[in-house]
Amino acid sequence: EYWTTERLNRLYKDWPAETIDNLKAKIAKSDWRMGYHIQTETGLLNDPNGFSYFNGQWHLFYQAFPFGGIHGLKSWTHLVSDDLVHWSNTHKPMVPDNEYDRHGCYSGSAINVDDKLFLMYTGNVWEKMNEVRHPYQVGAWMDKENNITKLDQPLIANPPKGVTGHFRDPQVIKHGDYYYAFLGAQTTDKQGEIVVYRSNHVDRDWEFYSKLDIGNDNLGYMAECPNLLFVDGHPVLIFCPQGADKDSFSYDNVHPNAYIIADDINWDTMKLVNPSKMRQLDEGFDFYATQGLNAPDGRALISAWLGLPDTTYPSDDEGWEGGLSLVRELRVVDGNLVQQPVQETKSLFLDTESTFNGMELPKQSLIEFDVNHDSDNQIAITSGNTHLVIDIDNDCQKLTLHRKDVENDGKDETRSIRLNDGKINNCHLYFDNTVFELFINDGYQTMTGFFFHEDTHLNLNWTDVEDIKVTKLANINAP
Ligand code: FRU
């Protein structure tokens, strides 16, 4: 067993440089790398962190373990971009190195304060390895040269009364005179909840303020990665209610990523006003830990982890795992949350392909089609014995996605969405070799996931869809 507790928790400075070089050489041979999605250079990535606009650039960090395709000791990899599409690695990561984050710089967020960026995150510390955890909520300042300086003392040294060691993932936002931090928590009777701290000074004086009342107590045993965003005047709360009861909120993934839209939030009582039911943010196979940003240009943006906790992927053996979604813009239209890739994504578009049934699908492509309302519709991407198929049934109110990939012994897995009050009209499928993001009815619903195909060639076939068009997209990750 290579992955001993010691290797999973080894400090970054203690790894020999050749570990990374060997992984790079192995990954260079992979047929599964993506062309325009964020992926690691080596190792695993999970949650997006610290999404912000600072010093004239977009900043996005992610949870990373660079030494293998496994959840080892987590750091923050730091990316910057001018357009939310082309990202570059600053190679100035924030790594665990002190008594308050020794076992992982866990998830957190960023906020601009004067001419610096403040990072607030969870320092994971195992008091007893893999059994008793002590979470510290800690902080760091980043300057305009992207140098990160951690604070000496934790911002919040202990969970609040009645909360276990599952207390993490602070999202900091400013409202009025206060900074507010929303944190995921588990109560001592094993219920998930979201708690709110506040401070006037961002880097000190944080105090427990309230539990967040979201009008729904189906948060399972732990609510991870809470985010409060404002979209077209509506508060939208995005979070991951692990273990949520499936009778009132249905999902098929091991852990769901959910949201609630409300009319308003009462900051005195910390209560969402007229909250919607809990819904899935994405109906696909691999989507989790979404982080949102109310950007200074007025847009509400999200980035999500393409992956799931407690799940292994075929690329693990190649020494890498996970990706981040395209950055999506959120809107609220007639009470519905609508998601679209940011308009800058168009900078990836190359030529429209000559599109014919049976064509070879470019590894990076956008497939657009309208739904024929008079019959069943199907489109299929096949590769050897593997396939990704979209089926739309005859009344066009139900869409089923079938995935048969090299994972799960080639078992066909499905996810379905249903529109009860209308028809499925169009689909935009962003395909990127091993990941796809499907936008249905211009983003009214989305389905996202991995597709580990068998062969290096991919073919596209369809029946009965209308106006199908394939656009080749750029491979901007190519070395
Ligand atoms: C969610 C999560 C967070 C935690 C981080 C650790 O995927 O479990 O709750 O901060 O990952 O990597």
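**Exercise 1. Identify the residue of β30 that is the bridge partner of V389, and place this pair in its sheet.**

Solution. In this predicted model, the bridge partner of V389 in β30 is H402. The next step is to locate the two strands: β29 covers residues 386-392 and β30 covers residues 398-404, and the two run antiparallel, joined by 6 bridges. Their connection is a hairpin with 5 residues between the strands. Within that turn, C396 has a positive phi of about 60°.

H402 also leads to β31, where its bridge partner is T414. β30 and β31 pair in the antiparallel sense over 6 bridges. H402 therefore has a bridge partner in β29, namely V389, as well as T414 in β31, and the strand order β29-β30-β31 appears within the open sheet; β31 stands at an edge with a single partner strand, so one side of it is left without a neighbour in the sheet.

**Exercise 2. Determine the strand order of the sheet that contains β28 and β35, and state which strands stand at its edges.**

Solution. The open sheet has 6 strands in the order β26-β35-β28-β29-β30-β31, with antiparallel pairing. One of its pairs is β28 (residues 377-383) with β35 (residues 459-463), over 5 bridges. In that pair, Q378 stands opposite T463. The edges are β26 (359-360) and β31 (413-418); each has a single partner strand, so one side of each has no neighbour in the sheet.

**Exercise 3. Analyse the open sheet of 4 strands in the same manner.**

Solution. The order is β13-β14-β15-β18, and the pairing is antiparallel. β13 and β18 (279-280) are the edge strands, each pairing on one side only. Strand β15 (residues 258-261) is joined to β18 by 2 bridges. Across this pair, Y259 stands opposite R279.

**Exercise 4. Describe how domain 1 and domain 2 meet, and which element gives the largest share of the domain 1 side.**

Solution. The bounds are 5-341 for domain 1 and 345-473 for domain 2. Their C-alpha centres lie 29 Å apart. Across the boundary, 27 residues of domain 1 are in contact with 32 residues of domain 2. On the domain 1 side, β24 supplies the largest share, 5 residues. By class, that side has 12 nonpolar, 8 polar and 7 charged residues.

The strand β24 (residues 336-341) is itself joined to β23 (residues 328-333) by 6 bridges, in an antiparallel arrangement. E329 has Q340 of β24 as its bridge partner. The hairpin of these strands has 2 residues between them, and D334 takes a positive phi near 50°.

**Exercise 5. Where does the largest nonpolar core lie with respect to the two domains, and which of its members touch the most others?**

Solution. The core has 124 residues, of which A181, I194 and V236 touch the most other members. Both domain 1 (5-341) and domain 2 (345-473) give residues to this core, so it lies between them. Beyond its neighbours within four places in sequence, A181 is in contact with M120, P170, Q171, V172, V196, Y197 and W206.

**Exercise 6. Characterise the residues that surround the ligand.**

Solution. There are 13 residues around the ligand, and the closest are Q63, Y106, S107, E224 and A289. The elements that give two or more residues to this shell are β1 (43-54), β5 (105-113), β9 (163-175) and β13 (222-231). By class, the shell has 4 nonpolar, 4 polar and 5 charged residues. One of the contributing elements, β13, is also an edge strand of the sheet in Exercise 3.

Key:
Residues are numbered from 1 along each chain as its sequence is written. This is a predicted model: local features need pLDDT of at least 70, side-chain atom pairs count only at pLDDT 80 or more; totals for chains, interfaces and linings use all residues. Two strands pair if DSSP finds at least two bridges between them. Domain bounds come from an automatic or database domain assignment. Two residues are in contact if their C-beta atoms, placed from the backbone, lie within 7 Å. Ala, Val, Leu, Ile, Met, Phe, Trp, Tyr, Cys and Pro count as nonpolar, Asp, Glu, Lys and Arg as charged, and the others, Gly among them, as polar. A residue is near a molecule or strand if its C-beta atom, placed from the backbone, lies within 6 Å of it. A nonpolar core is a set of buried Ala, Val, Leu, Ile, Met, Phe, Trp, Tyr and Cys residues joined through C-beta atoms within 7 Å. A residue is buried if 20 or more other C-beta atoms lie within 10 Å of its own, exposed if 12 or fewer, and partly exposed in between; C-beta atoms are placed from the backbone.
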